[in-house]
Amino acid sequence: MDPAKVAGKIVVCQRGVTARVNKSLAVQQAGGVGMVLFNNPDSSLNADFHFVPTVHVSLADGMAIKAYAATAGATATINQATIIYNVAAPFTASFSSRGPLRAGNGDLLKPDLIAPGQDILAGVAPPGNSGRLFDLYSGTSMSSPHVADSRHF
């Protein structure tokens, strides 16, 4: 990236080829102060530990932002995240099981239980995690502790 064009700016990047966090590192190294990362078709929205404040958006939103960014006098701000505790999660992860189950001739609705399991902040071993003590992981290993009943162990 050309520091003369990026320094002090929020950069619009499309997802793909290079790791998402490496894109934000390139923005930081060129003096950028933020990044809007927009998806390719059929990509999920993910949480990552970026090097500059970053927001992930859909392909349609990203194309609209990119078009706006090309206009004279375009401005952007990335606000600090607001955590809301009293609202249900907006969706079930794309990799989660869904029913009805074919094995039961379509008569079994699955899953019986779901729990948060996408982009969960978890303690990790620093080797293999860029030296971090915490990282964002997804999957059954992340969701099961949310619903495990310790009285049965």
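**Group meeting: a walk through the model**

The largest nonpolar core has 8 residues, and they are Val6, Val11, Cys13, Val27, Ala30, Met35, Leu37 and Val52. Two elements, E1 and E2, each give two or more residues to this core. Hello everyone, and before I go on, please keep in mind that this is a predicted model.

Let me stay with the core for a moment and pick out valine 52. What does valine 52 touch, leaving aside its neighbours within four places in sequence? The contacts are Ser24, Val27, Gln28, Gly32, Val33, Gly34 and Met35. Of these, Val27 and Met35 are themselves members of the core.

That brings us to helix H2, which runs over residues 20-29. Which residues of H2 are buried? They are Lys23, Ser24 and Val27. These three lie on the same side of H2, because they cover an arc of only 95° around the axis. As for their partners, the buried residues of H2 pack against helix H1 (3-6), strand E1 (10-14), E2 and E3. After the helix comes glycine 31, with a positive phi near 95°.

Now for the salt bridges. How many does a search of the whole structure find? It finds 2.

One of them starts on the helix we have just looked at. The side chains of arginine 20 and aspartate 48 meet in a salt bridge, at 2.6 Å from N to O. This pair links distant parts of the chain, with arginine 20 in helix H2 and aspartate 48 in the loop between E2 and E3, 28 residues apart. Are the two partners buried or partly exposed? Arginine 20 is partly exposed, with a relative accessible area of 23%, and aspartate 48 counts as partly exposed too, at 22%.

The other bridge joins arginine 132 and aspartate 135, whose closest N and O atoms are 2.8 Å apart. Here the arginine is partly exposed, with a relative accessible area of 30%. Aspartate 135, on the other hand, counts as buried because its relative accessibility is 11%, and the cut-off for buried is under 20%.

Aspartate 135 also leads us to asparagine 129, in the loop between E4 and strand E5 (134-137). Leaving aside neighbours within four places in sequence, asparagine 129 is in contact with Val124, Asp135 and Tyr137. Is this loop residue buried or exposed? At 8% relative accessibility, asparagine 129 counts as buried.

Serine 130 sits in that loop as well, between E4 and E5. Serine 130 counts as exposed, at 66% relative accessibility. Its phi is near 55°, a positive value in a residue other than glycine. For context, most residues other than glycine have a negative phi. Valine 17 is another one to look at on your screens: its phi is near 60°, again positive in a residue other than glycine. You will find valine 17 in the loop between E1 and H2, where it counts as exposed at 93% relative accessibility.

Let's move to the surface. Phe49, Leu121, Leu133 and Phe134 form a nonpolar patch there, with about 430 Å² of accessible area together. Of these, leucine 121 is found in strand E4, residues 120-123. Leucine 121 is exposed, with a relative accessible area of 56%.

Two more loop residues, and then I'll stop. The first is serine 44, in the loop between strand E2 (34-38) and strand E3 (54-57). It is partly exposed, at a relative accessible area of 27%. Not counting residues up to four places away in sequence, serine 44 touches Arg15 and Asn39. Serine 44 and valine 57 are 13 residues apart in sequence, and their C-alpha atoms are 9.5 Å apart in space.

The second is phenylalanine 95, in the loop between helix H3 (59-69) and E4. Phenylalanine 95 is partly exposed, with a relative accessible area of 48%. How far apart in space are phenylalanine 95 and glycine 139, which are 44 residues apart in sequence? They are 8.2 Å apart, C-alpha to C-alpha. Glycine 139 is also among the contacts of phenylalanine 95, along with Gly117, Gln118 and Ser138, leaving aside neighbours within four places in sequence.

Thanks for listening, and I'm happy to take questions.

Methods. Residues numbered from 1 in each chain as written. Predicted model: local features only at pLDDT ≥ 70, side-chain atom pairs only at ≥ 80, totals over all residues. Heavy atoms only, no water. Helix = DSSP H or I, 4+ residues; strand = E, 2+ residues; numbered from the N terminus. Buried < 20%, exposed > 50% of the residue type's maximum accessible area, 1.4 Å probe, protein only. Contact = heavy atoms within 4.5 Å. Arc of directions from axis to C-beta. Patch = residues over 30% accessible without salt bridge, like charges linked within 9 Å, V, L, I, M, F, W, Y side chains within 5 Å. Areas by Shrake-Rupley, 256 points an atom, 1.4 Å probe, with all protein chains shown as cover. Salt bridge = Lys/Arg side-chain N within 4 Å of Asp/Glu carboxyl O. Core = buried A, V, L, I, M, F, W, Y, C linked by side-chain atoms within 4.5 Å.
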